[in-house]
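Q: Please take a close look at a single part of this structure, and walk me through it step by step. I would like to see how that part sits among the rest.

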Amino acid sequence: MDLQQRYEDDFAMTQQFALVTFMNRVYGWMTAGLVLTGLTAFGINAMQLVVHPVALIASGLGSLGLVFLLSWSAQRLPAAVAIGGYLLFAFLEGIFFSLIFLLYPMATISMTFFVTAGVFGIMALYGTITKKDLTGIGTLCFMGLIGIVFAIFAQIVAQAVFGIDTGRFNLIINIVGVVVFIGLTAYDAQKIKQMSAAGETSTGLAIAGALALYLDFINLFLFLLRILNSRD
């Protein structure tokens, strides 16, 4: 083996190692966020704490603000700030998600979690290993997400103002939501891999990637939870 070939092989191995290391960091932070959210929600429920509506609203608004901050500027923030903001977001989400223990049976929550984990894992793996460009799918899913937001708003108005039964419409929204976040999971996984392959492996970028996958998982979980609960 000549020196040129050896150099190319060493360079390829270095790139592969950097890719695997970065992907492990992203999925590690995503998992840490999910665990923190779950423990917070479960702890509040186990201690039978009653979260004041003002605290729920504050946690919801706070987590929304952190999503925008971290999504747009995580890679430009100091590593400690990005990590702290992400963990704070996961904690605030846990406060808000403590409500699901009041709204849904534990059996349904547990089953939905395992279904979500399976679907998410399959689609994240597909997005990572496929050679097909998923940009078009990502764009279509993002447009679908905007449509879901408007559809939910229209559903709320129809129920609150006109007293219309929107049960079937709600099921359609949930099914579309599952499809959208299945697509976004694969797209985000591929995008994270591409960023790593381009040499972008900062802590802030790892946090931004973890946040994107966290949101895919959580929203997939919520839409599946509504569907599975409606079948009970």
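A: It helps to begin with how far the model can be trusted, because this is a predicted model. Confidence in the protein is lowest in helix H1 (residues 3-46), where the mean is 78, and highest in helix H5 (residues 106-129), where it reaches 94. Over the whole protein the average pLDDT is 86, and 87% of the residues score at least 70.

Before turning to one part, consider the whole. The protein contains 8 helices and 0 strands, so that, read from the N terminus, the order of its elements is simply α-α-α-α-α-α-α-α. Of its 232 residues, 38% count as buried, while the area that the protein exposes comes to about 13300 Å², with carbon and sulfur atoms supplying 72% of it. Among contacts between residues at least 6 apart in sequence, 87% join residues that are at least 24 apart.

The part to examine closely is helix H2, residues 53-73. H2 has 21 residues, and the distance from its first C-alpha to its last is 30 Å, which is close to the 30 Å expected at 1.5 Å a residue. Which residues of H2 are buried? They are Leu 56, Ser 59, Ser 63, Leu 66, Val 67, Leu 70 and Ser 73. A general point about helices helps in reading this list: an α-helix has 3.6 residues a turn, so residues three or four places apart point the same way. As for what covers the buried residues of H2, the cover includes H3 and helix H8 (203-230).

Two of these buried residues show the cover in detail. Ser 59, which lies in helix H2, has a relative accessibility of 2%, and because buried means under 20%, Ser 59 counts as buried. Leaving aside neighbours within four places in sequence, Ser 59 is in contact with Leu 92, Ile 95 and Phe 96. Of these partners, Leu 92 and Ile 95 appear among the buried residues of H3.

Leu 70, also found in helix H2, is buried as well, since its relative accessible area is 0%. Not counting residues up to four places away in sequence, Leu 70 touches Leu 77, Ala 82, Gly 85, Tyr 86, Ala 208 and Leu 211. Ala 82, Gly 85 and Tyr 86 are among the buried residues of H3. The approach of Leu 70 to Gly 85 can also be given as a distance, for the two are 15 residues apart in sequence and 7.4 Å apart in space, C-alpha to C-alpha.

The neighbour H3 can be checked in the way that H2 was. At 1.5 Å a residue, the 19 residues of helix H3 (residues 79-97) should span 27 Å, and the end C-alpha atoms of H3 are 27 Å apart, so the expectation and the model agree. The buried residues of H3 include Phe 89, Ala 90, Glu 93, Gly 94 and Phe 97, besides those already met as partners of Ser 59 and Leu 70.

H2 also has residues at the surface. Is Trp 72, which has its place in helix H2, buried or exposed? With a relative accessibility of 62%, Trp 72 counts as exposed, because exposed means over 50%. Together with Leu 64 and Phe 68, Trp 72 forms a nonpolar patch on the surface, and the accessible area of these residues together is about 390 Å².

For contrast, it is worth looking at a charged pair elsewhere. A search of the whole structure finds 1 salt bridge, in which the side chains of Lys 191 and Asp 188 meet at 3.8 Å, N to O. These residues are separated by about one helical turn, because they are 3 residues apart in helix H7 (residues 167-197). Lys 191 is partly exposed, with a relative accessible area of 33%, whereas Asp 188 is buried, at 7%. Not counting residues up to four places away in sequence, Asp 188 touches Ala 212, Leu 213 and Asp 216.

To return to H2, the picture has two sides: a set of buried residues whose cover includes H3 and H8, and a nonpolar surface patch formed by Leu 64, Phe 68 and Trp 72.

Terms used
Residues numbered from 1 in each chain as written. Predicted model: local features only at pLDDT ≥ 70, side-chain atom pairs only at ≥ 80, totals over all residues. Heavy atoms only, no water. Helix = DSSP H or I, 4+ residues; strand = E, 2+ residues; numbered from the N terminus. Expected span 1.5 Å × (residues − 1). Buried < 20%, exposed > 50% of the residue type's maximum accessible area, 1.4 Å probe, protein only. pLDDT = per-residue confidence, 0-100. Contact = heavy atoms within 4.5 Å. Areas by Shrake-Rupley, 256 points an atom, 1.4 Å probe, with all protein chains shown as cover. Patch = residues over 30% accessible without salt bridge, like charges linked within 9 Å, V, L, I, M, F, W, Y side chains within 5 Å. Salt bridge = Lys/Arg side-chain N within 4 Å of Asp/Glu carboxyl O.
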